[in-house]
There are 2 protein chains.
Amino acid sequence: MAKTRVATSTDVARRAGVSRAVVSGVLNGAMSTMRVSEGTRLRVLAAAHELHYSPNPIARALRRQRSNVIGFVPRSSRRTPYEDPVPFLLGVHLAAACIELDYHVVEATAESVRSRETDELVRFFLDRHVDGVVLDSPETTAEVQRFVDRGLPVVQIIRPRPEVPTPSIVVDARPGTVAALEHLIDLGHRRIAFIGHGGPHPADRSRLDCFTATLARHNVTVHDGWVRLTSDYDIEQGRAAGHTLLALRERPTSLFVAGDNLALGALQAFYQAMVRVPDDMSLVSYDDIFAAHLAPPLTSVAQPLAAVAERAIALIVDALDRAGPTEGAAMDVILPTRLTVRGSVRPPA
Amino acid sequence: MAKTRVATSTDVARRAGVSRAVVSGVLNGAMSTMRVSEGTRLRVLAAAHELHYSPNPIARALRRQRSNVIGFVPRSSRRTPYEDPVPFLLGVHLAAACIELDYHVVEATAESVRSRETDELVRFFLDRHVDGVVLDSPETTAEVQRFVDRGLPVVQIIRPRPEVPTPSIVVDARPGTVAALEHLIDLGHRRIAFIGHGGPHPADRSRLDCFTATLARHNVTVHDGWVRLTSDYDIEQGRAAGHTLLALRERPTSLFVAGDNLALGALQAFYQAMVRVPDDMSLVSYDDIFAAHLAPPLTSVAQPLAAVAERAIALIVDALDRAGPTEGAAMDVILPTRLTVRGSVRPPA
DNA sequence: TTGTACGCGTTATCAT
DNA sequence: ATGATAACGCGTACAA
C-alpha cells in the first residue's frame, strides 16, 4: 500500500487560487500580521477544510525554531509507577498538559540519557532542541543555572533551588496535613505517630513541622519514639518504621505517614503483625497516589500533581509566546494539599 | 539571557573546511553513499566533536520525511496507572523503548484526541505525521484497516484482529498460569476458585481455559460457583466477586484472579471480611503490575509488557528502515508469562 | 497579495 | 576517487 500523501500548503494554495503565503496567513489568523480580504479568507478556509489540511508540524518547527518539545528532569530516574510514584506521576501529568497545547515532553530517564551529570543533561536536551525545561527538585543549584545560562525557559517544581531565580511551583503540605491530623484528634486520638522523610528541604521538612505544630496546638503530646524519620520515600523504610512502632512499649493508636510508599511499607508491617487498620491502628498517608488502591483504602492527603504539571507547562509556554525567558520573573506558585477521607481511620479502641 | 545557538552543519563544515554535504556524508557513515577520504573524514569528525554538533532532528525529519514519532492507541483512554494499569504500562514501556532509538510516542488519550472514532484517530495521527502506529486491542477490524490503508506500518498488540494481516504481539497466558495453578495444587489445594474476564477474546478466554484444563489434568474438581466471570478488569467487580465467593456454602481455599485489578478488589473484600491472605485464603493474581505493592504482596503471573513494547517498536522501526510496510508480513510474536512467588500462597489449613 | 528567502540536513548531480 | 553545488522538504515572514 502506497503511503498516502497528506495535503500541504501548496495543495491548499492551488485549490484556493492563492499563494502559499496567504494560506499561512489565513490559518494563523490573529497570530499573523497579514491582512487578507474576507473573500479569499473563506476560500482558503474552505480549501483547507476540504483537503483536511493541517500544517506540517515539523516544517513549522523548523521555520519557527520552536520544537514544541519540553524537557523534564524527574527527581529520580527510576521509571516505575510503583517504586517512585511522585516523579513518575509528574511525568505523566506533564505529558497530558503538553499534548493539549500541542507540545511534547521528553524525559531524562535512565534509558534515555547516559548519566544524570549536568553536562549530559544539558547536552541531551540541547540535542533535542527543547523549548524549555521542567526541573523536579534539582539536585544542585549549578544544574539549574546551566539551563538558565543556555537561555532556556526553566521552571522548578516541588523542591526548587531559590538561589536561581526561576519560576517555581511548590505544594503546601499544610492544609491537607492539618486537616488529617485534626481528623484524627477529633475522633479522639491522642497517641499519634509519624513516619516521614528526615531531610532538610522544606518540602519534606514541612510535613514534620506541620505534624509537630498541629499536635502542639491541640495539646497532644508526642511520645518518645513516635517520630520515625527515613532517608527516602521507600517501601522498605516504611516497613521497618512500622515494625519499630509496633515494638514500642507505648504503642500509638494512629499514624500519619508522609508518603504513600512509606505508608504501604507500614501497612505491610501491620498486616504481617496482624495489626488491623483501622481497627487497631488508624492510618493516614500523604500523596494519595495509590492510597485508594490498597486493602484497606487509605485516608490520604492528596498533592495536586496534575495542577503542578499544568502550571509548569503554562509558565513555559507563556514565556515562549512572550519570547521572554522565565528568569527574573521568579514567580512562585503554591498549590494546596487536600484531605481525602477513606476507611483507614476510626476512633481509638 | 540570549538563547545559545547550537552548532549547525554549516558551522562544522566551515570549521573542517568542507561543504555541508560532506559533513552529512561523514556523520551518516555507512548509511550514506558518499565516499570521503580518511583525512577529511577525521577533520569533520573532529570539528563536529569540538562544536558538540548533533544534527537538528527537526531539519532531518523534514528532509527525510520521517518524524520519528510513533502513534499509540491504548485499549482504554482512561489515563491512570492505577485504574487501568495494563494499557497504561504499555504506554510507558513503549515510550521507553522509543527513546532509546530516538523515537517518540504520541498517545491517543481522552485529552489529546476529540473522540475515539476511527476517523478522529486517523486524523490525529496523520496531522502529527507519525511514522507508524501501535494498536492495543483494537475495537474493530475497520480501525486497523484504515491505518493500513493509509500506508502506515501497523502493529497490533495484546488482542489483535487477525482478519487484518499486520504483525502482532501477544502474550501467552499459559506458562505462568499453569505454573501458578500447579503451585497451588502442589501445596495441597483442591478447592480452587477463579475470578476473571468472561469475554470471548483469546487473550481473556485463555486464562479461564487454562484454569479449567490444568485443574482437569490434575483431577481437581471445580465446584459450582467457583468461577466468577466479570465484564471488565476493574476493582469493583473484583470486590463483588470476592464477596460472592466468601458467601458460598462451599468456600474455596485458594483463588486465581486473572488481573491485578480484580485481585485488588478481591483482597479488599477479604480484608473487610477478616479473611486473611494467605492464612485463610491463598491468592494468585495475573499481571504482576502492582501485585508486589499490596499488603500482603501477592504471588502473581507476570506479563512481559516491556518486551511486548520493545518488540512492537522494533517491528515498526524495522519496517521503516526497510521502507517496506508491515502489511503482508503478518509475523506473530508470542511472549510467555512467568510466575513470581511472593507471600500470598500457603498450604490449605 | 505575491514573490522570495530562510531554517537545516540530505541527496542527486556535476566538476575535478 | 573526492568533494562541491544545488535542489528539496514545508511553512513562515518580510519586502516588494
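In this predicted model, residue A:V133 stands opposite A:V154 of strand β4(A). This pair belongs to the contact between strand β3 (residues 132–136) of chain A and strand β4 (residues 154–157) of chain A, which run parallel and are joined by four bridges.

## The sheet of chain A

Strands β3 and β4 take their places in an open sheet of six strands, ordered β2-β1-β3-β4-β5-β11 in chain A, and the pairing is parallel. Its edges are formed by β2 (104–107) and β11 (332–336) of chain A, each of which pairs on one side only. From one strand to the next, the twist averages 20°.

Two helices may be described against this sheet. Helix α7 (residues 141–149) of chain A packs on the sheet and touches β3 and β4 of chain A, its direction making about 155° with that of β4(A). Helix α12 (residues 305–321) of chain A also packs on the sheet; it touches β1 (69–73), β3, β4, β5 (168–172) and β11 of chain A, and its direction makes about 165° with that of β4(A).

## The sheet of chain B

Chain B contains an open sheet of six strands in the order β7-β6-β8-β9-β10-β12, with mixed pairing. The edge strands here are β7 (227–230) and β12 (338–340) of chain B, each pairing on one side only. On average, neighbouring strands of this sheet are turned by 15° against each other, direction ignored. Within the sheet, strand β6 (residues 192–197) of chain B runs parallel to strand β8 (residues 254–257) of chain B, and four bridges join the two. Residue B:I192 stands opposite B:S254 in β8(B). Helix α8 (residues 174–186) of chain B packs on the sheet, where it touches β6, β8, β9 (282–287), β10 (299–302) and β12 of chain B; its direction makes about 40° with that of β12(B).

## A helix pair in chain B

Helix α10 (residues 235–247) of chain B packs against helix α11 (residues 260–272) of chain B at an angle of about 45°, and their axes are 6 Å apart. Because of this angle, α10(B) is oblique to α11(B). The crossing of α10(B) past α11(B) is right-handed. Among the residues making the contact are B:I235, B:A241 and B:L246 of α10(B), and B:L262, B:A266 and B:F270 of α11(B).

## Where the two chains meet

In the contact between the chains, 44 residues of chain A meet 44 residues of chain B. On the side of chain A that touches chain B, at least two residues each come from α4, α5 (85–100), α6 (118–127), α7 and α11 (260–272) of chain A. The most is given by α4(A), with five residues.

## The DNA strands

DNA strand C is surrounded by 31 residues, the closest being A:A21, A:S37, B:T8, B:S9 and B:A21. Helix α2(B) gives the most to the surface near this strand, with five residues. Around DNA strand D there are 28 residues, of which A:T8, A:S9, A:A21, B:S19 and B:A21 come nearest. The surface near DNA strand D draws at least two residues from each of α1 (9–16), α2 and α4 of chain A and α2 and α4 of chain B.

The table lists the residue classes of the contacts and surfaces described above.

| Region | Nonpolar | Polar | Charged |
|---|---|---|---|
| Surface near DNA strand C | eleven residues | 13 residues | seven residues |
| Surface near DNA strand D | ten residues | eleven residues | seven residues |
| Side of chain A that touches chain B | 22 residues | twelve residues | ten residues |
| Contact of α10(B) with α11(B) | nine residues | seven residues | two residues |

Definitions and conventions:
Residues are numbered from 1 along each chain as its sequence is written. Chains are lettered from A and ligands numbered from 1 in the order in which they are written. This is a predicted model: local features need pLDDT of at least 70, side-chain atom pairs count only at pLDDT 80 or more; totals for chains, interfaces and linings use all residues. A residue is near a molecule or strand if its C-beta atom, placed from the backbone, lies within 6 Å of it. Ala, Val, Leu, Ile, Met, Phe, Trp, Tyr, Cys and Pro count as nonpolar, Asp, Glu, Lys and Arg as charged, and the others, Gly among them, as polar. Axes are lines fitted to C-alpha atoms, for helices over the stretch in contact, and angles run from 0 to 180 degrees between N-to-C directions. Angles under 35 degrees count as roughly parallel, over 145 as roughly antiparallel, 65 to 115 as roughly perpendicular and the rest as oblique. A crossing is left-handed if the near helix is turned anticlockwise from the far one by less than a right angle, and right-handed if clockwise. Two residues are in contact if their C-beta atoms, placed from the backbone, lie within 7 Å. Two strands pair if DSSP finds at least two bridges between them.
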